Amino acid sequence: MKAFKACLAGLALLGLSPAAMAAGGTMPLSEGDAPLPDWPFEGVFGKFDQASVQRGFQVYTEVCAACHSMELLSYRNLGEPGGPFYNADDPEATEAAVAEFARQYEITEIDDYGDEVARPRRPADRFPSPYPNVQAAAAANGGAIPPDFSVIVKARPGGADYIYRLMTGYPSYEEFQGEYGDELHFNDDHSHGVLTQPAGLYYNPYFPGDTSGNWDGDPRHAPAGGYLAMPPQITDGRVDYMDGTEATQEQIAYDISQFLAWASEPKMENRKSLGLVVMIYLFFLAILVYFSYKAIWRNVEH
Amino acid sequence: MTDDKDNKPPNEDRRDFIHIAAGAAVAGGAGALAWPFVAQMLPALDTRAASSLEVPITGIPEGGEIRVLIGGKPFFIRHRTAAEIAAAESVEAGDLPDPQTDEERLVARADGTLNPAILVVSGSCTHLGCVPVGPGSNTGEFGGWYCPCHGSHYDTSGRIRKGPAPTNLPVPTYEYNADGSAVTISL
Amino acid sequence: MSGHESTYKPGTGIEKWIDARLPIVRLVHDSFVGFPVAKNLNYWWTFGAILAVCLVTQIITGIVLAMHYVPHVDMAFASVERIMRDVEYGWLIRYIHANGASMFFLAVYIHMFRGLYYGSYKAPREISWILGVIIYLLMMGTAFMGYVLPWGQMSLHGASVITNLIGAIPLVGEQIKIWLQGAPSIGNATLNRFFSLHYLLPFMIAGVVILHIWAFHTTGNNNPTGVDVKDEKKDTVPFHPYYTVKDGFAIIVFLMIFAGFVFYAPNVLGHADNYIEGNPLKTPAHIVPEWYLLPFYAILRAITFDIGPIPAKLGGVIAMFGAIAVLFVLPWLDTSKVRSLRYRPLARQFFLGFVAVCLLLGVAGASNPDDIVIKTGEDTLRYEVALEEAPEAVAVAEAHHGKIVSSNSERVIVDFAHYEDAVEFAEASGTTAEATVKHHGLTWLPVAQLLTFLYFAYFLIIIPLLGLIERPKDEPESIADSIHKSNGSADAVAAE
């Protein structure tokens, strides 16, 4: 039994050390940061808040989709369990809603005469991309290609937290007595000085990068973060929520992060619920086999 | 074995039960685990979603047909001439290898009327799945389709008339759109 | 596959008929049912069976994934996400496979440390050990090529870094690299061949596993005392049911940890960058291999200096492969006659130190070599001023509380603790040099170098030397004897 405990301890140690390392890679939270939301999809029993996923999808459609593709998503995904259009009580209504939504967008096909013809999209079709190709995307955005959003939450250390922070983290006009594309004056406990934003780029304390090149203060206290080509997007009232929720900046950031978390891992709820069954099964199986083991070895001195 | 049992101490049965229960639990778990590995061979969600298609029918010339692929399966949409319709309707269904009237092989439009000019059938020969040839090539002895693989002849209603194929070309699930200018075929 | 006398007795006529023609049932029976195993094996010995489960799991899930995966640079990434989204239970099977690799390595490391601790590599089990090291090498190759397949950013650039290592080999390296990649760079040809080999290697592993089992079934298992079996009746029990049930229990506990990762933290052992599709024009900020290869990555990066005629780049590659190669000769490096470290208290201390060195090498491999491990002072602002530009730099620096780090007739290096002082110095001296931030402390690089030295020293100095100078404790007469003694003392403690 002693050896067994040692074995478990060893497993735990070896198992957790890389996990701890991976966790260390997430964004550090400094004192001035506003608290992060409590994501309902975290934890063993975590589930997406479907109303929020719905609002987040509205934000994506009305704001993000102008530049960011979601190439791996099809309209039918919207009606799958957990998706924004999913209605467990009425699968037909779900299907109809998805089909109606998809119809708003057109797709070009080659007809029998070799001509390009447009037809409305069907649920099986993918989301349209805002740009015809990456070159067009780069050219329209000063060389920076807006990342695809299909798996963005899994593709960023910090996941939904990172998206939320990035959306709410742009410095506000009042705070910096300046204009975007201009100078940002820092005068807090950590940093004193002026940060000049390069043309066409926008400072965000949560975007990975290095600000020291454009910082005129103490280089040891250059502001955290970096510059990105996307200007601030999410402001109070940027969208008019269909369900009447007040569209504060925090609410919009919360909803879009949740929608993107769902899009990145649409099978998350299946995974966690199946996981619970598996864990309970293994737990009871371990007890059964342990007693079987004890019974078999009872007469052997070892 | 019975001798052993008699010699066992009283709690031996309980111990046997533990082994049987543990073994059964392992077997049950292994069985449940097998399911995902079986299920993954089923058509994936995207494959299933891509299994319907809307086909415009107004452009099909009389006496001609168009061929479409839905989920990799071929379908024929034929615009029949008056003579072909008459030929299909005049046959006594009872005499056929796979008895079916022409009317049974049509689907009503949105207003409830039939459109005998348009025939929609599967494009896989019911014998071994070859794609029969049709108008413009060789329509066989009965003016419908002819399967060159093993010589099955289909009539202008897609019914088997001669050759090894056991049944008529199946009519897929389809429906007309509101103005009757297109059909949506589903697998 | 076993050195002991067969205990198989065909019962029915059919069994006798088969046994006379192809004694396969007898082979299985003698290897996994009747095979006599020392009765004192502890839970560390269950990892062999756990590894068998890992291999089978990886092969089955891998075959299934290959049914849906598309090995093409334009489609690989999307095909993996299609598995996650559209294939029935595809998310489950892929997460089992991805985390299964980590579980496999976790188990193999425990298995290897167990072999090191109990002297399982010593005569007459050298071939078992060497076959084990070959399995480990094959596992690393398989894991590396498997990591390339999703065609994420880490896949692409990790593969690029590792294949470039081969380019360090003098004369032929560059040619071998191109041959391996099938192109001047990592591309579709590389992806296709890696997919093919990733599918092949596990079956080679399975083959070597059979040899591995054959070898230690010929010599008999080692056991925690390291003492040979003297009396089969007193010292051993048949493998089934005694060890099938014990291994079974351990496997279930292991599966619980495995399932914990698969269902609740499926991406925690991976890297976020690998969910970005591979882009040859953009390298991720930090390229790190999967956790199980980190110690070797640390050794690779630790060699930053030329060793005689060997350039640093090649030196790193040699050190990395040497770290595994040394395991092959371990049976002949160890001079001690005593197998188990139970009876070698001094060697046990060194062993624990070695385990710590390996874990720390892993941390070093995950860290940036220039990052500070132990901070010795606050960051300062450093100016490096050419004296012809500012001849009075030393005097001005001293006037502004600067700390002269070094100065000669050409230049002066000076540190400032306060930003204001540094600004005043720059103005007063008229230098055009920019201040850089100087961190004070011990960086990971020398730490990794020390750890690399300790890793090799353990095998090449400590193990050979300990056997000569250490006086081991008395080994028990037999396995049965050791069990009797330890149970006796436990009883005595209980009686008090």
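**Exercise 1. Work out how much area is buried between chain C and chain A, and what the contact is made of.**

Start with the area: about 5,100 Å² is buried between chain C and chain A, and carbon and sulfur atoms give 75% of that. Buried area here is the accessible area (1.4 Å probe) that two parts lose on being put together, summed over both. Keep in mind that this is a predicted model, where local features need pLDDT of at least 70, side-chain atom pairs count only at pLDDT 80 or more, and totals for chains, interfaces and linings use all residues. Residues are numbered from 1 along each chain as its sequence is written, and side-chain values use heavy atoms, with hydrogens and water left out.

Next, count residues. Chain C brings 59 and chain A brings 55, contact being heavy atoms within 4.5 Å.

Now the polar side. There are 2 salt bridges between chain C and chain A, each a side-chain nitrogen of Lys or Arg within 4 Å of a carboxyl oxygen of Asp or Glu. A:Lys154 makes a salt bridge with C:Glu81, with the closest N and O atoms 3.6 Å apart.

Finally, look at the chain C side: H11(C) gives the largest share, 19 residues, helices being DSSP runs (H or I, at least four residues) numbered from the N terminus. By type, that side splits into 45 nonpolar, 8 polar and 6 charged residues; Ala, Val, Leu, Ile, Met, Phe, Trp, Tyr, Cys and Pro count as nonpolar, Asp, Glu, Lys and Arg as charged, and the others, Gly among them, as polar.

**Exercise 2. Do the same for chain A and chain B.**

The buried area is about 1,200 Å², with 67% from carbon and sulfur atoms. On the chain A side, A:Arg76, A:Leu288 and A:Arg298 lose the most area to chain B, together 35% of what that side buries.

In residues, 14 of chain A touch 16 of chain B. Salt bridges between chain A and chain B number 0. Helix H9 (residues 268-297) of chain A supplies the largest share of its side, 8 residues.

**Exercise 3. Classify the ring pair of A:Phe186 and A:Trp215.**

Take the distance, then the angle: the centres are 5.8 Å apart and the planes at 85°, so the pair is edge-to-face. The cut-offs: rings of Phe, Tyr and Trp (its six-membered ring) pair if their centres lie within 6.5 Å, and planes under 30 degrees apart count as stacked, over 60 as edge-to-face and the rest as tilted.

Last step, burial: both A:Phe186 and A:Trp215 are buried, meaning under 20% relative accessible area (exposed is over 50%, partly exposed in between; 1.4 Å probe, protein chains only).

Definitions and conventions
Chains are lettered from A and ligands numbered from 1 in the order in which they are written. Helices (H or I, at least four residues) and strands (E, at least two) are DSSP runs, numbered from the N terminus.
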